[in-house]
Amino acid sequence: MSVLKFDKDLLGNLEYSLRREMLSTDRSGGYMSTTIVCCNTRKYHGLMVCPIDGMDDKNYVLLSSLDETVIQHDQSFNLAIHRFPGIYEPRGHKYITDFNYTPTPTVTYRVGGVLLKKEMLWIHSRTQLLIRYTLLEARSETRLRLRPFLAFRDAHTVTSANMFANGHTYPIASGVKCRLYDHFPWLMMQTDKPSEFVPAPDWYYSFEYPEEAERGYPFREDLMTTGFFEAEIKKGESIIFSCSFEEVDPASIAGMFETELSKRSNKIDFLSCLRHSARQFVIRRGDRAEVIAGYPWFGRWGRDTFIALPGITLSQGRIEDCTDVLDTMTREMKDGLFPNMGTAYNSVDAPLWFFWTLQQLEKHVGTGPVREKYYGKMKDILDAYKRGIGEYIRVHENGLVWASNPTHAMTWMDAVVDGRPVTGRDGYQVEINALWYNAICYTLRLAEEFGDREFTDRWSAEPERVRKSFLDTFWYQGEGYLADYVDARGQNVFIRPNQIIACSLEFVMLDDARVLSVIQTIKQHLLTPKGLRTLSPRNPLYQGRYGGDQPTRDRQYHQGTVWPWLLEHYAAANFRLYGKAFLHEAEDLLRGFEEDISSYGIGSISEIYDGDPPHAQRGAPSQAWSVGAVLRINEMVESYGGSIE
């Protein structure tokens, strides 16, 4: 299998290197993210980006970047690179000779007779960044200067020079502490060996983030530097820079680096990269375990959590991670709903994906633990839907779920522009009712197995009622596929991928002939090597390219854009129908992502792709349900004796 490879001859080519973004997390919500040449191209990039206890649930960019300068014979060579209006300055990328992602992101620079290696390492379970500089070669006396650039702002914003920022630093052991604004914690910057810190507070103006310019957001900001560290470094010697909320003993930093580095997995092939990426999405803060939907700008989303969770945890046997996340989510359940984005209880499908997640968990732990911990919640959800939730979710006499909200999109196709959903799917949605049927049948199976007569008496007639209504309501007889949704005006027969979910679940309402017909429709109109399109290219509303400002992108988001997470359900439906005969096609689907892990989000799978070839990677460079889907497909492949090794 392919190893993460980067063309050394192209590292100095900004068209090549600025497209490739690396990520390292502390598993507590904080991260380091930038391009492989350490030039920030997004407002979300930074060396220390993290939540702060006692403030809110947002991420904050504290340490934006760290400029390194090599000094020999009174000559200075700045190894950094920044984008300013019309120019990149300095142009340190021309000194880069190598980049490696494993075991930790590492950049090697050559300046004349100097060869310097930089290794960047986040400490797990605490907010601390370590960067180790090792002088591999030098022909004369060498000094290393490190200049931090600070932002101290919400990751979703940019900052400007102002009179309120405090540029003063205060000495601590082998370093300084500072905070630009009083409501932030102190930032401790230290080196493991003696160095001189020269205070020189100043603003640097108009750093530019080209990715934000392309996305239609404010893209310029000013950053504060409080001064710089400088130290002599000898051939074969290392100097480690530490940035943390806590002052540490400088003598412990080197051992801390080695201990932490030894814990890192080797990302040597496609699957090991994805397994590492999967672990980065599960974060723990106090008694909470959550799934980050995508890096670098998403937080927790309830729907994404349940869809991604089996792939990013159970596929590696990480059962505790899975159950801890489920326990966090169930503690926050209200009236049958889970929080989706933040504290918004506006997702009609998140509770129904909860049942699907439990079905995957049961395969690993058995029925008993699932029933013991979650059976009560399952019944609560079904009862809440049956009696109606708020004014927007109802179960009608025909047994089908009706969801309608004029200002919010309640399914996963949730883009809203100018206060109105782009793909307003009010009414009966195909995947919602497929999930609803699956949830009822699964809960009935548990009830029957454990003798819950009260529940079976109330619900045993529902599956047949739902199945009959579903087929009468959704089946588009003339073309042989399922309507996407049905409202008072009748069927919406746009060819969308949501119907594949009605073919992939444990309990399905379609016979094999209808499943085959749906799969053939999906294959003809929506299937790409990267996932399923969200709309047939034959539809006049189809958008084959994703880009532009936010309203433009939101209008394209579910109108043809390709989503990898849907591919898991396409594969599951095919394995269900064809069994081992689908194995080679599934292996080819997996191989279609091999090159992607080194060309956008390093070691990961992006959120979306263009609908049109060559299906460029778009959106968040690292997305939980994309990674989870590919790992789940690999599980299916291995279960049939296949392999992409």
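Hi everyone. Let me start with a working definition: a residue is called buried when its relative accessible area is under 20%, and exposed when that value is over 50%. One more thing before we look around: this is a predicted model.

With that cut-off in hand, let's go to strand β15. Five of the five residues of β15 are buried, so the strand is largely enclosed by the rest of the structure. Which way do its side chains point? Leu 187, Met 189 and Thr 191 go one way, while Met 188 and Gln 190 go the other. That fits a pattern you may remember: in a regular strand the side chains alternate between the two faces of the sheet.

Now for the strands on either side of β15. With β14, the pairing is antiparallel and runs over four bridges. If you want a spot to click on there, Cys 178 sits opposite Leu 187 of β15. With β18, the pairing is again antiparallel, over four bridges. Here the spot to click on is Gln 190, which faces Ser 242 in β18.

Let's zoom out to the sheet. Eight strands make up an open sheet, and they come in the order β8-β9-β10-β11-β18-β15-β14-β13, with antiparallel pairing. Why do β8 and β13 each have one side without a neighbour in the sheet? Both β8, residues 96-100, and β13, residues 170-172, stand at the edges with a single partner strand, so one side of each is left open in that sense. Going from one strand to the next, the twist averages 20 degrees.

At the β13 edge, the partner is β14, residues 175-178; three bridges join the two, and they run antiparallel. Tyr 170 is opposite Lys 177 of β14.

There is also a helix on this sheet. Helix α3, residues 250-262, lies across β10, β11, β15 and β18. Against β11, residues 128-137, α3 runs at about 90 degrees.

Next along the chain is helix α4, residues 270-281, and here we can do a little check. At 1.5 Å a residue, its twelve residues should span 16 Å, and the end C-alpha atoms are 18 Å apart, which agrees. How many of the twelve residues of α4 are buried? Eleven are, so to speak, under cover. Among the buried ones are Phe 270, Leu 271, Cys 273, His 276, Arg 279 and Phe 281.

Now some backbone details, for those of you who like to scroll residue by residue. Two peptide bonds before prolines deserve a look. The bond from Glu 89 to Pro 90 is cis, with omega near -10 degrees, and Pro 90 belongs to strand β7, residues 87-91. The bond joining Thr 102 and Pro 103 is also cis, with omega about 0 degrees; Pro 103 is in the loop between β8 and β9.

Then we have positive phi values in residues other than glycine. Cys 38 has phi near 65 degrees. Its place is the loop between β2 and β3, and at 16% relative accessibility Cys 38 counts as buried. His 615 has phi near 60 degrees, again positive in a residue other than glycine. His 615 is in the loop between β34 and β35. Is His 615 buried or exposed? It is buried, because its relative accessible area is 10%, and the cut-off for buried is under 20%.

Another loop residue to visit is Gln 559, in the loop between α14 and β33. At 7% relative accessibility, Gln 559 counts as buried. What is Gln 559 in contact with, leaving aside its neighbours within four places in sequence? The contacts include Val 422, Thr 423, Arg 496, Leu 541 and Tyr 542.

My last stop is the second largest pocket, which holds about 420 Å³ of space. It is lined by 17 residues, and those closest to its centre are Gln 360, Lys 363, Ala 572, Arg 632 and Met 636. Three helices, α7 (350-365), α15 (565-578) and α17 (624-639), are the elements that give two or more residues to the lining. Which element gives the most to the lining of this pocket? That is α15, with five residues.

That's my tour, and thanks for listening!

Note on methods. Residues are numbered from 1 along each chain as its sequence is written. This is a predicted model: local features need pLDDT of at least 70, side-chain atom pairs count only at pLDDT 80 or more; totals for chains, interfaces and linings use all residues. Side-chain values use heavy atoms; hydrogens and water are left out. The expected span of a helix is 1.5 Å times one less than its number of residues. Buried means under 20% relative accessible area, exposed over 50%, partly exposed in between (1.4 Å probe, protein chains only). Two strands pair if DSSP finds at least two bridges between them. Axes are lines fitted to C-alpha atoms, for helices over the stretch in contact, and angles run from 0 to 180 degrees between N-to-C directions. Contact means heavy atoms within 4.5 Å. On a 1 Å grid over the protein atoms alone, a cavity is a set of points where a 1.4 Å probe fits but cannot get out, and a pocket is an open set with protein on both sides within 12 Å along at least five of seven lines; lining residues have an atom within 4 Å of a point. Grid points are joined across faces, edges and corners, and a volume is the space filled by probe spheres set on the points.
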